[in-house]
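Subject: The model you asked for

Hi,

Here is the structure, with my notes on the sheets and helices underneath. Have it open while you read.

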Amino acid sequence: MAMTKPAARPANPRFSSGPCAKIPTFSLDKLADAPLGRSHRAAIGKSKLKAAIEETRELLGIPADYKIGIVPASDTGAMEMAMWSMLGARKAEMVAWESFGAGWVTDVVKQLKIDADVKTADYGEIVDFATIDFNNDVVFTWNGTTSGVRVPNGDAIPADRDGLTICDATSAAFAMDLPWDKLDVTTFSWQKVLGGEAAHGVLILSPRAVERLESYTPAWPLPKIFRLTKGGKLIDGIFTGATINTPSMLCVEDYLVALDWARSVGGLKGLINRAEANAKAVWDFCEARDWIANLAVDPATRSNTSVCLKFTDARIKDGAAFAKAIAKRLEAEGVALDVGAYRDAPAGLRIWCGGTIETADIEAMLPWLEYAFAAEIDAQA
């Protein structure tokens with residue numbers, strides 16, 4: 001089954017699912033306007049942070065009465081702030097079908113010890129949203145970064161729900177059309193779809209979420225870094241650029257540059273189209289071969305960003321070792337970096353297909369994947 005090495009190589013072999021590839025036009029000189037060595041509370045710092053907030057609102061189509069804040073500790077920090085500050089007012093439903101969703105279950109059930117129903121699905125599948133009681137507070141990921149399975153739409157979420165929907169959208173924002181009227185709390189990190197630098201999160205609150213914050217005090221103490229209210233009122237400065245702790249103005253500048261690039265490729269619609277084209281190239285490759293398949297069982301739930309794959313060839317003796325060998329071979333050839341499956345996920349590969357990836361690079365990488373598969377089958381024999 002020996003094959004010759006493909007002639008073409010990706011111009012950019014970075015297919016990591018986080019931090020993700022930088023925008024295609026990135027260069028360090030684009031960050032020259034960053035106010036380094038200046039306080040983020042100075043006028044220039046506040047203006048940059050406010051611009052990041054308002055440009056996020058414009059590009060994602062977030063309603064004018066929703067609050068957008070830049071918070072510490074990436075998407076994890078944003079989710080922890082939301083859960084610790086708002087949950088406990090009513091029963092919760094924890095919905096998980098991959099690693100990060102499972103992490104939120106642990107936080108709520110074992111750390112906060114909140115009365116909660118837990119609904120889970122195996123990797124590759126998704127919880128049936130028709131079984132969820134949205135009169136409870138519901139916590140879920142929109143896109144399973146480690147399983148490659150996403151919520152297809154928000155149709156199952158009722159407009160007249162009594163509970164809050166708390167959505168981790170970190171690998172969905174800027175690549176999927178999120179139904180803002182169905183989401184009360186939404187979080188993401190700009191190091192995902194826009195390839196920004198790590199450690200900063202974004203927290204988006206609907207008016208219903210703000211009302212919860214201003215009317216409910218949790219039974220447990222809140223660390224300073226989680227406090228979103230003071231004297232029973234929202235700390236509004238968090239959502240206008242007065243961040244809770246010191247942000248990196250270099251990272252903020254990088255995000256502003258990425259937002260500018262996003263507008264140049266057609267805004268949200270353009271980003272979605274780019275991700276869909278990238279993912280389709282991988283899907284088509286898998287459908288034409290009998291040794292590899294999408295981990296997502298239902299095509300309607302396949303992610304267009306974190307595309308997770310499994311090897312299906314009966315000749316493979318040790319699935320985990322085989323998948324690791326494929327990823328190692330691709331990295332050694334310099335054609336695909338960081339494409340191994342997440343440590344808690346089933347053995348396989350995970351190829352990032354978000355909008356900062358060029359479809360031509362996906363198309364150049366896939367013949368190398370076939371070459372690596374053939375080489376590992378031969379090596380195993």
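Below is what I found, taking the two sheets in turn and then a helix pair.

A bit of housekeeping: this is a predicted model, so local features need pLDDT of at least 70 and side-chain atom pairs count only at pLDDT 80 or more, while totals for chains, interfaces and linings use all residues. Residues are numbered from 1 along each chain as its sequence is written, and side-chain values use heavy atoms, with hydrogens and water left out.

**The seven-stranded sheet**

One open sheet has 7 strands in the order β1-β9-β8-β7-β4-β2-β3, with mixed pairing. Helices (H or I, at least four residues) and strands (E, at least two) are DSSP runs numbered from the N terminus, and two strands pair if DSSP finds at least two bridges between them. The edges are β1 (67–72) and β3 (116–120); each has a single partner strand, so one side of each is left without a neighbour in the sheet. On average, neighbouring strands here are turned by 15° against each other, direction ignored. For angles in general, axes are lines fitted to C-alpha atoms (for helices, over the stretch in contact), and values run from 0 to 180 degrees between N-to-C directions.

Within this sheet, β7 (residues 165–168) and β8 (residues 185–189) are parallel partners over 3 bridges. Asp168 stands opposite Thr187 in β8. Helix α1 packs on the sheet, touching β1 and β8, and its direction makes about 125° with that of β1; contact here means heavy atoms within 4.5 Å. Helix α3 (residues 99–111) lies across β2 (92–96), β3, β4 (137–141) and β7, at about 155° to β2.

**The three-stranded sheet**

The other open sheet is antiparallel, with 3 strands in the order β12-β13-β14. Its edge strands, β12 (292–294) and β14 (349–352), each pair on one side only. The twist averages 30° from one strand to the next. Helix α6 (residues 267–287) packs on this sheet against β12 and β13, its direction making about 15° with that of β13. Helix α8 (residues 359–380) touches β12, β13 and β14, with its direction at about 170° to that of β14.

**α1 against α5**

Which residues of α1 meet α5? They are Gly45, Lys48, Leu49, Ala51, Ala52, Glu55, Thr56 and Leu59. The axes of α1 (residues 43–60) and α5 (residues 249–264) come within 10 Å and cross at roughly 35°.

Cheers
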